[in-house]
Amino acid sequence: MDLGPAKRRTVLAALLVDAGRWVAAETLIDRVWGEDPPAQVRATLYAHIARVRRVLLEATLHPTGGAEGPPTAPSLLRGSGGYRLDVPRDLVDVHRFRGLVERARRTDRSDAVRVATLREAMRLWQGEPLAGLPGDWAARTRESWLHLRLDAVLAWADAELRVGGHVVVVDTLSVLVAEHPLTEPLAVALMRGLHAAGRAPEALACYAALQKRLADELGTAPGAEARREHAAILSGRAAAPTARRTPPGTGTGTGTGTGTGLGIGIGSVGAVPAQLPMEAAGFTGREEELAWLEKVLVAAAERPTAVVVSAVSGTAGVGKTALAVHWAHRARDRFPDGQLYVNLRGYDPERPMTALDALGRFLTALGVSGQDIPLEADDRAARYRTEVAGRRMLIVLDNAATVEQVRPLLPGTGSCAVLVTSRDSLAGLVAREGAHRLDLDLLPAAVARTLLRRLVGPRAEAEPDAVDALAEQCARLPLALRVAAELAAARPATPLADLVTELTDQQRRLDLLDADGDPRAAVAVVFSWSLRHLPADVARTFRLLGLHPGPDLDVHAAAALTGSSPADARRALDVLARAHLVQPMEAARYGMHDLLRAYATRLATAEDAPRLREAALDRLFDHYLATAAAAMNCLHPAEAHLRPAAPEPATPVPDLSDPDAARAWLNTERTCLTAVSAHSAVRGRPTHAIRLSLTLYRYLISGHHTDGLTMHGHARDAARLIADPVSEARALLGLGTAYWQLARHEPARQHLQEALALFRRVGDPTGQARVLVNLGLLEERLGRFLPAVAYLEQALSLYRSAGDRWGEAIALKDLASVEGQLGDYGQAADHLQQALTLLRLAGNPYLEAHALNDLGTVETRLGRLGSAARRQEQALALFREVGDRYGEAGALHSLGVVHSRRDQHAQAAECQREALTLYCQNGDRDGEARALNGLGEAVCAAGRPAEALVHHTDALAIAEDIGSPGQQARALGGLGAAHHALGDTAPALGRYERALTLYAELGMPEADAIRTRLATVTGPRP
């Protein structure tokens, strides 16, 4: 029908997207005219409304298309809420589409039914939505509907593949990928369809094309899901998606926004976190607040906003966290890509969690390896937004102190919802990010009484007046109600009325907080009342727990704080948990509500003498140092001489004689160890921070680089505080090593040079040698082999002068690595044999395995393939025995190269795939490049050059990103060989020329091999 001008057609569209709902005049004006409406806009709007009403009436009176019987006339009503177009929603395509995808989303649907339903939904798409309508609102709505469609297509493709519809999936997605070439999930789904249809080469070509488009257009590489599917195709196995995609829409919204669950982005789809904490038992009331949160979620699905943020604010103990967690569990099915949760500890007596730390935790939960987590807050936030782009995720940010703590944690995609809790009103978040604020008040009196009756049990029915009085004494705060109820339950013979009288007396005496209408005063009263009825040792445990700087602790740490046995500590913690004064957590750990922590700290300050508090912290920090040392001695006994002597703990430490137990303890306690490092560095115990850094050095350089930067940084600051240049130099060595592992070469060089200067100033030759070794490794990474040799030879001389045989072996091994790359194989082999002898005398299987692997690499280059394979198999067995996954990956890569040289291409490819998997898990990007190059060489030799192109292209991208010229040259040589095998002469020449230039600049003997290859294409070259 001809409605007339575009503005009038936009008025009808703006009403149809909210069919059956009131639309405010201001909303219509904004949708039709945007930010610059005409002077008499309301009169113009009314004129358009009147004309639309007449056109709809004429269409009803004179139907076309052979309709049977007169259709129902749609009503366009005007009221106080604005305008409402009453029309059956099934007559509006977008609402019908949403209804179908919601029907398909239900878990009780079979794949066949889901496929049929989604096919029907996709048939509704005819041409461009809102065709010809101008303005920002139409553009945003068109874009959001496109995301809605693409998400539904992905859900359909998953279901279709499960019922064998490979052909139709490939046909449909091929068209869509051409239309949306940068939408990575579509390309991944097409790869999956091609693979399932037995068209693996085309699937690999699809990946290569995606990789090139992303690099050319966005300067990025494919995400985790694409890489995972690519690896699955190469290995010949099917790779299911990380989490089954469900169709968008939740049955809660009908508007135009991407809302919850609708976006598609180019970010990777990695791990599926499920971090929501356990719900509070007996959650009661808050129906209005839960309904409000639900309404916000619904409204968000109807508007094209970037992301919906709900901010729940209220006083301490009012139940903000309980409400947020309860609602999050109710809504979690709407967020199938995961739920992230973090307690920002904004009101903790110790340092609140920074956005930088929270982003690190989120990225780890999303499957980003430690090596790939950026160091700067802005870079981490950008990577985080990339990881969650297009994923249907719920993010709960609990106990935020400020807006600045929250902003970096906000995603940039409308597919996510964010729920924030804070004592602050977060006005800036409301003003700038459009957050929806819910001020949480005290529980209504009736609800407070209901909760108390539920918690106390049958006794409450016999004393309703006492229940009412107790609820008021607890200020109707859920936290106080739970504590009081537990005390009542613990004294079943005492009438509730007597407890009320007792609490009244306590309120008269207690003056811990200003009670000028502040409900927290009631909380303190209830806490105090509850503590009075605990055994003295349990009450003391509660007080001392407030001194712990970390977010949680285990029974051994509690025993150290209190100077008791682990059994007594566990008993005290169990009593406190029953009284709701501590919170049991996973892995037999315990945490505290921040208000309880503050109260415990205050009590400890008031009731425990300073010397007793300091003694408790001394025991705690000695416990962490001693246990960390025990763990490291189990994992790396040959390096004990590099670590400071462990203190004698005052209380028992856990048994860490088993390597798995030692690693588990270090991984579990890493956050607490970092907190102890920060606390001790600035709170009068600098030597603890220094010793913790030295003790954990080997652990921190084994993949925990960002934690290493933090702890070594605290150690450096502590050393400067007490003017200890030796300890400062050691901390700088740790910082430089961490930066090197993160491929931050200039900061690495700066810190290492500072460390070297300090070691020289204090006359520490072995310290100088350790720094020189790391400077040599840095130069080797950058392809500067001659400076690397110079550094390593200086280190070797210093170690020998000092009689340090262990250090001498290290320097020999690393020097041999550089010599091998320069082609001096005989010298390299000799140095490695010397290193092996020394390492075996020292009993260091960890480094012995590395030396064996390096010797095997040298023998490979010398053509001694049988001996090389034996060396690397020995190394592989040793690495697995000591649990060194980094070394295991290196041995697999080296063994794969030997298999390639022996024309055992299937074995070579398998070794490289295993190595690649380990390198990825370890976050070793240099290793990833090595394994990808090795895999490319293996498959090219096996007659699959097209597949080799993909691997070498991946390797080249990584090598260029981290600045590894050796692997760049190797990738270029591999690309040249693959193009040559495919008959692509021009690309082959270009890649060979670049590889030759790089190898020649590096002085590596591989340049001769490239010249030989070039000769097969162009003839002999000088």
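This passage walks through the predicted model of one protein chain, from the whole chain down to single residues.

The model is predicted, so a few ground rules apply: local features need pLDDT of at least 70, side-chain atom pairs count only at pLDDT 80 or more, and totals for chains, interfaces and linings use all residues. Residues are numbered from 1 along each chain as its sequence is written, and side-chain values use heavy atoms, with hydrogens and water left out.

Starting with the whole chain, the secondary structure comes to 46 helices and nine strands. Both kinds of element are DSSP runs numbered from the N terminus, with helices being H or I runs of at least four residues and strands being E runs of at least two. Of the 1022 residues, 57% count as buried; here buried means under 20% relative accessible area, exposed means over 50%, and partly exposed is in between, with a 1.4 Å probe and protein chains only. The accessible surface comes to about 40800 Å², and 52% of that belongs to carbon and sulfur atoms. These areas come from the Shrake-Rupley method with a 1.4 Å probe, and for residues only the protein chains shown count as cover. As for contacts (heavy atoms within 4.5 Å), residues 24 or more positions apart account for 68% of those with a separation of 6 or more.

Helix α35 makes a good worked example. The expected span of a helix is 1.5 Å times one less than its number of residues. For the 18 residues of α35 (residues 785-802) that gives 26 Å, and the end C-alpha atoms are indeed 26 Å apart. Its buried residues are Phe785, Ala788, Val789, Tyr791, Leu792, Ala795, Leu796 and Tyr799. Looking down the axis of α35, these buried residues fall within an arc of 165°, so they line one face of the helix; the arc is that of the directions from the helix axis to the C-beta atoms. The general reason for such a pattern is that an α-helix has 3.6 residues a turn, so residues three or four places apart point the same way. On the face of α35 turned away from the buried side sit the exposed residues Leu786 and Ser801. The buried residues pack against α33 (745-762), α34 (765-781), α36 (805-821) and α45 (985-1002). After α35 comes Gly803, with a positive phi near 70°.

Helix α5 (residues 111-123) can be checked in the same manner: its 13 residues reach 18 Å from first C-alpha to last, close to the 18 Å expected at 1.5 Å a residue. Buried in α5 are Arg114, Val115, Thr117, Leu118, Ala121 and Met122.

A positive phi also turns up at residues other than glycine. Arg345 has one of about 50° and lies in the loop between β4 (339-343) and α13 (355-365). Arg345 is buried, with a relative accessible area of 10%. Asn399 has a positive phi of about 60°, but its place is in strand β5 (residues 394-400). Asn399 counts as buried too, at 10% relative accessibility.

Next come the aromatic rings. Rings of Phe, Tyr and Trp (its six-membered ring) pair if their centres lie within 6.5 Å; planes under 30 degrees apart count as stacked, over 60 as edge-to-face and the rest as tilted. By this rule there are four aromatic pairs. One of them joins Tyr624 and Trp665 in a tilted arrangement, 6.5 Å centre to centre and with 40° between the planes. This pair links distant parts of the chain, as Tyr624 belongs to helix α27 (residues 610-635) and Trp665 to helix α28 (residues 659-682), 41 residues apart. Tyr624 is buried at 1% relative accessibility, and Trp665 is buried at 7%.

Some single residues round off the picture. Ile962 lies in helix α43 (residues 945-962) and is buried, at 7% relative accessibility. Leaving aside neighbours within four places in sequence, Ile962 touches Ala743, His745, Arg925 and Asp926. Arg698, in helix α30 (residues 697-700), is buried at 13% relative accessibility. With the neighbours within four places again set aside, Arg698 is in contact with Met632, His636, Glu639 and Tyr846. Finally, Asp18 is found in the loop between α1 (6-16) and α2 (25-33) and is buried, with a relative accessible area of 8%. Asp18 and Arg89 are 71 residues apart in sequence, yet 9.4 Å apart in space, C-alpha to C-alpha.
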